[in-house]
Amino acid sequence: EGLEVLRVQVDWAAANESFGIASVVREKSGTESLMRRALRPNPFGSYRARLEDAATHQAIYHDAIGTGQEFRRLTRAFTFRFPMPAEGVEFVLTAENPTTGVMEEVLRQPLSIPAEKEEPLQVEVKSVLAAETTPSILVSIYSEGYSYDAKEKFWRDADKAAKSLRQYEFPGAKRMEFQAVFSPSNLAIGSAQDLGLPVAERDTFLGLYFPYWNKFGRWYHVVYPTRESRYRRAVGQVAYDYPLVLVDNASYWGIGNFNELTAVPSSHPSFIYLLTHEFGHFFGLNEEYEGGGPTELSFSPGITEPWSQNITFDPKNVKWKQFVAEKTPLPTPQSYWQGGQWGAYLGGYADSEPQHHSHKPGYSCTMESGTKFCPVCRAAIEAKITFDLNQAK
């Protein structure tokens with residue numbers, strides 16, 4: 001158990017693009033880092049929430065999640081965590097307009113603070129790898145699709161994941177403390193299938209499955225919660241800053257979404273690449289490869305500039321100017337990459353619309369298919385960890 005927080009779930013209704021509060025829950029999943037970062041608004045995320053003093057309308061706490069327009073269709077709900085407030089607070093949600101991409105207020109509602117916590121679930125927790133610095137970020141590694149008989153395999157897989165991030169020199173990994181959380185699943189993840197509508201709740205620890213309910217293009221390459229409430233209740237059994245899910249599976253797929261979810265198959269030969277690439281998405285980074293169909297990380301078609309730190313639609317005014325040499329032209333011809341110069345190269349954003357607008361810092365980053373993060377992405381990950389620890393100047 002961690003520090004007590006308020007977990008607020010907002011449901012999204014597809015019929016009229018409306019949002020409404022579904023549940024307000026007390027849980028002990030908070031960390032000291034969460035208590036600090038909630039004091040400041042997050043500049044990223046397609047769905048940003050805050051608690052306000054109902055009398056003065058002064059913001060008290062903040063949270064943000066999600067990447068792009070597909071997020072609402074895939075989760076069908078949004079969950080935010082705040083330090084436990086006093087009575088007399090109002091919940092406010094701003095969301096990316098699905099057409100224009102403009103952030104708009106879509107929900108404002110007073111909150112009633114529940115008196116009791118939910119009934120706990122049975123989980124087993126083990127410390128995996130301590131942070132090398134303080135303060136630290138708590139990464140909780142969760143089992144999904146593991147039977148009870150596969151518990152020892154999960155402990156080994158969790159150890160492998162934590163040590164891989166350290167050995168790979170994932171940005172900020174030395175500032176991360178890792179713990180593993182096991183609960184058996186009654187079903188394996190299996191293969192991607194269309195199971196029909198309404199969406200059936202998956203009988204696994206976290207309730208994840210391939211999102212056949214919204215076949216955006218490569219739905220068979222990602223997993224999402226069949227019920228947001230099941231997923232959030234399960235991960236909230238312990239303290240966490242970043243939830244990382246290992247699925248007992250050997251197929252090639254993976255999912256990462258800003259402040260929401262990272263999940264990868266634990267037994268695929270490309271495990272380290274999938275782990276680092278998908279974990280990069282959790283920090284807000286977008287795809288730097290082209291082709292392969294549209295990504296679920298697509299923003300609204302009318303957006304002028306995505307907030308993802310490693311892509312831009314405005315190559316003459318890039319977000320990463322500190323990494324671009326003074327004489328490098330913007331946009332940057334591909335020939336400049338032969339000299340290893342960072343710039344604004346046409347590409348990235350998979351096959352998402354609008355096509356041929358996206359520019360990226362360079363080639364061969366982990367957010368494309370490389371074995372290392374480029375300096376732009378490394379800096380973005382480090383900046384998020386610094387923000388989440390409330391150490392930013």
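**Exercise 1. The second largest pocket.** State which strand gives the largest share of the lining of the second largest pocket, and describe this pocket further.

*Solution.* In this predicted model, strand β2 (residues 18-30) supplies the largest share of that lining, with three residues. Next, consider the volume: the second largest pocket holds about 190 Å³ of space. A total of 14 residues line the second largest pocket, and those closest to its centre are Glu1, Lys117, Pro120, Gly236 and Gln237. Finally, the lining is sorted by residue class, which gives nine charged, three nonpolar and two polar residues.

**Exercise 2. The largest pocket.** Determine how much space lies in the largest pocket and how the residues of its lining divide.

*Solution.* The space in the largest pocket comes to about 240 Å³. Its lining has 14 residues, of which Arg218, His277, Glu278, Glu287 and Tyr289 are the closest to the centre. By class, the lining of the largest pocket comprises six nonpolar, four polar and four charged residues.

**Exercise 3. Helix α6.** Compare the span of helix α6 with the expected value, and identify the elements against which its buried residues pack.

*Solution.* Begin with the length: α6 covers residues 375-388, which is 14 residues. The expected span takes 1.5 Å times one less than the number of residues, and for α6 this gives 20 Å. From first C-alpha to last, the helix reaches 20 Å, close to that expectation.

The second step concerns burial, for which the cut-off is under 20% relative accessible area. In α6 the buried residues are Val376, Cys377, Ala380, Ile381, Lys384, Ile385, Phe387 and Asp388. These buried residues pack against two helices, α1 (32-37) and α5 (271-282), and against the strands β9 (137-144), β10 (176-182) and β13 (242-247).

The last step looks just beyond the helix, where Asn390 adopts a positive phi of about 55 degrees.

**Exercise 4. Aromatic pairs.** Classify the pair formed by Tyr47 and Phe78, and locate both residues in the chain.

*Solution.* The structure contains 33 aromatic pairs. One of them joins Tyr47 and Phe78, with 4.4 Å from centre to centre and 35 degrees between the planes. Planes under 30 degrees apart would count as stacked and those over 60 as edge-to-face; the pair of Tyr47 and Phe78 is therefore tilted.

Tyr47 belongs to strand β3 (residues 47-53) and Phe78 to strand β5 (residues 77-83), so that the pair links distant parts of the chain, 31 residues apart. Tyr47 and Phe78 are both buried.

Elsewhere, ring pairs connect Tyr168, Phe170, Tyr242, Phe279, Phe282, Phe283 and Phe373 into a cluster.

Definitions and conventions
Residues are numbered from 1 along each chain as its sequence is written. This is a predicted model: local features need pLDDT of at least 70, side-chain atom pairs count only at pLDDT 80 or more; totals for chains, interfaces and linings use all residues. Side-chain values use heavy atoms; hydrogens and water are left out. On a 1 Å grid over the protein atoms alone, a cavity is a set of points where a 1.4 Å probe fits but cannot get out, and a pocket is an open set with protein on both sides within 12 Å along at least five of seven lines; lining residues have an atom within 4 Å of a point. Grid points are joined across faces, edges and corners, and a volume is the space filled by probe spheres set on the points. Ala, Val, Leu, Ile, Met, Phe, Trp, Tyr, Cys and Pro count as nonpolar, Asp, Glu, Lys and Arg as charged, and the others, Gly among them, as polar. Helices (H or I, at least four residues) and strands (E, at least two) are DSSP runs, numbered from the N terminus. Buried means under 20% relative accessible area, exposed over 50%, partly exposed in between (1.4 Å probe, protein chains only). Contact means heavy atoms within 4.5 Å. Rings of Phe, Tyr and Trp (its six-membered ring) pair if their centres lie within 6.5 Å; planes under 30 degrees apart count as stacked, over 60 as edge-to-face and the rest as tilted.
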